[in-house]
Amino acid sequence: MNSVNDIKTDSKYSFWTFLSLLFALSLFMVCWFGPVLAYAGHDYFFNIGRFNVLIDALKLGNYPIYLDYNALEGYGYFTKGFYPDLIILPFAALGILTGTIAAYNVMIFTMTFLCGLFTYIAVNTVFRNTFVASVSAILYTFSAYHLFDWYNRAALGESLSFTFLPIIFLGLYHIIKGDYRKWYLLTIGYSLLIYTHLLSSFLTFITLALIVIICYKPLIKEPKRIGYLALAAIITLPIVSSYILTLLEQMTSNTFYYSTKENITGQTKLGLQDLGWGFLSGILYPKTENMAGTGPLLILLVLLRLFVKEKNSSVKVADFCLLTGIILLVIASAVFPWGRLPLGFIQFPWRLYEFIIFFFAIGGAYYLSVIVRNRKQQIVAGSVIVLFTLITFIVNNNNYKYWQSLAISEAPHWFTGVASVDNEYYLGGLEYLPVNVPSHHYIHERGDIVISKNEETVISNFTRKEGVTSFDIDIKNPSKLELPLVYYKGYEASYLDKKNGMPVTESENGLVQIEAGKSGQIEVVYRWTATQQYSWYISILSTIGLIIYIFVSNRKRSDVNK
């Protein structure tokens, strides 16, 4: 009995030690890399803009919001429909009190801390080893590539997605090998991931499919596990419908610039030299290319497999993680025919580093635990890993500042923090602009005017306020009007009396076009479409239903075990 109590006490002590260390490292990371504004990463201002839109919407009480009404000099951009914001919403709410920049930094700290915590819980559930859980969580959470995402690229969606991978793969583990009644973990994790970053969701799906193919034997042996896997997928769909259905509605309603983008995956896949530099990330970086990868410590740890002689179920799991990571590394490399496949939307095959690092961290941490068995050796090994993490912070920070200083000196107009035609309004390449819009330069040159095809039409008192565009019109004959608004499905136009609506179509320039039949004051505003409105109800009800199911099923199991 005493030995059991000692194990529980030791496990609890190890957890709180890890939690304190995770808190300290997360805080140190955020403080060391600040002020981020002075060295804004690639997508930093775009994501700050997303925060500001949310903050304004919350202040005005009109969330959910889909259009950024102020973008493109007031022409509007459908940012919120294509980039989900549910995960950053709490931090935007905080931004009302603290300001955008402080809220953004709190978000980095919080999601980094949660990333480590979720990884620890997932790994400890599988291995029942606090040392393996602690080491893998630190290696994954503070990997060179994760830092690269947070700061060099300021790729908010992908950075946040790190936090939810442990939940997803723990859920899949339970379905394949563990307690399949916890299938809902896969649903929860994947739903959160979809509400975070669509590209990471797609790559996760590919990884999940790969794992299921490799682990087909236990699924075939117990077919009900396949049923729970299907259940997890089916329940995920209605939960994420508020985002997915809105996205599909817009994508099918028009053609956007993202569909005309060149497939650059063949150019950005990892060559042998790229892989080599990736293995050194966190210690050394090339001065000719801004990139990151696994880092040397992960490579050294997985190489410890050569010295592991024992055979047990934990070794098999670690070996599986190593194998999965190697397969993904090969897929990300020049060996894989990226340029020949219709996967141009992925853009960069090295996005797979997120998954490679996750699996290498788990495998490497376990192999290390086999080599260093007693507490003193584990403390020494853990201290070395923490020291290496701190060195990675410093080296990566220097690399980050080097590249951003270089970028600022070469193109200062991209770092003013003020959206303008010269920096593409910080809208991420304007991929979701209708292809009929000649360019963002056209919008700038066209100006803030309503254009009528009838020369006798008189337009006056043009105003914009809180997403409502209004103006007076004096006409003698029906007239088609092209408004200074980018066309997206959902716009409505009516006279001020609200009795006479008018059809809204897309002009030949990709802008909102209406046909006025009489003189009067006209208002144009973006309204929720039926799809947007009802999909929210579906998501909310589905989420409530899942919560009730989890509560009831856990209550039943608890009663049975009494």
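A salt bridge is counted here where a side-chain nitrogen of Lys or Arg lies within 4 Å of a carboxyl oxygen of Asp or Glu. The close-up views below all come from a predicted model, and the legends take up its salt bridges, its cysteines, strand S4 and serine 470 in turn.

**View A. Arginine 181 and aspartate 179 form a salt bridge.** The closest N and O atoms of arginine 181 and aspartate 179 are 3.0 Å apart, and the pair belongs to a structure that holds 12 salt bridges. Arginine 181 is partly exposed, with a relative accessible area of 40%, and aspartate 179 is likewise assigned as partly exposed, at 21%.

**View B. Glutamate 222 and arginine 225 form a salt bridge.** In this pair the closest N and O atoms are separated by 3.0 Å. Glutamate 222 counts as partly exposed, with a relative accessibility of 29%, whereas arginine 225, at 6%, counts as buried.

**View C. A salt bridge joins the side chains of lysine 489 and glutamate 249.** The N to O distance between lysine 489 and glutamate 249 is 3.6 Å. Lysine 489 is placed in the loop between strand S4 (479–486) and strand S5 (491–495), while glutamate 249 belongs to helix H14 (residues 241–253), so the pair ties together parts that lie 240 residues apart in sequence. The lysine 489 end of the bridge is partly exposed, at 36% relative accessibility, and the glutamate 249 end is buried, with a relative accessible area of 8%. Elsewhere, salt bridges that share partners connect Asp149, Arg153, Glu158 and Arg351 into one network.

**View D. Cysteine 215 and cysteine 321 are shown without a disulfide between them.** The closest cysteine sulfur to that of cysteine 215 is in cysteine 321, at 9.7 Å, which is too far for a bond. Cysteine 321 is accordingly in no disulfide, its nearest cysteine sulfur being that of cysteine 215. With a disulfide defined as a pair of cysteine sulfur atoms within 2.5 Å, the count for the structure comes to 0. Cysteine 215 is buried at 16% relative accessibility, and cysteine 321 is also buried, with a relative accessible area of 6%.

**View E. Strand S4 pairs with strand S1 and with strand S8.** Of the 8 residues of S4, 7 are buried, so the strand is largely enclosed by the rest of the structure. Strand S1 (residues 451–452) runs antiparallel to S4 and is joined to it by 2 bridges, with isoleucine 451 standing opposite glutamate 482 in S4. Strand S8 (residues 511–516) also runs antiparallel to S4, and 5 bridges link these two strands; within this pairing, serine 479 stands opposite alanine 516 in S8.

**View F. Serine 470 in strand S3 makes a side-chain polar contact with threonine 463.** Strand S3 spans residues 468–474 and contains serine 470, which is buried, with a relative accessible area of 10%. The polar contact that joins the side chains of serine 470 and threonine 463 has a length of 2.7 Å. When residues up to four places away in sequence are not counted, serine 470 touches Asn461, Phe462 and Thr463, together with Gln521, Ile522 and Glu523.

Key: Residues are numbered from 1 along each chain as its sequence is written. This is a predicted model: local features need pLDDT of at least 70, side-chain atom pairs count only at pLDDT 80 or more; totals for chains, interfaces and linings use all residues. Side-chain values use heavy atoms; hydrogens and water are left out. Helices (H or I, at least four residues) and strands (E, at least two) are DSSP runs, numbered from the N terminus. Buried means under 20% relative accessible area, exposed over 50%, partly exposed in between (1.4 Å probe, protein chains only). A polar contact is a pair of N or O atoms within 3.5 Å; within protein, one must be able to donate a hydrogen and the other to accept it, and residues adjacent in sequence count only if both atoms are side-chain atoms. Contact means heavy atoms within 4.5 Å. Two strands pair if DSSP finds at least two bridges between them.
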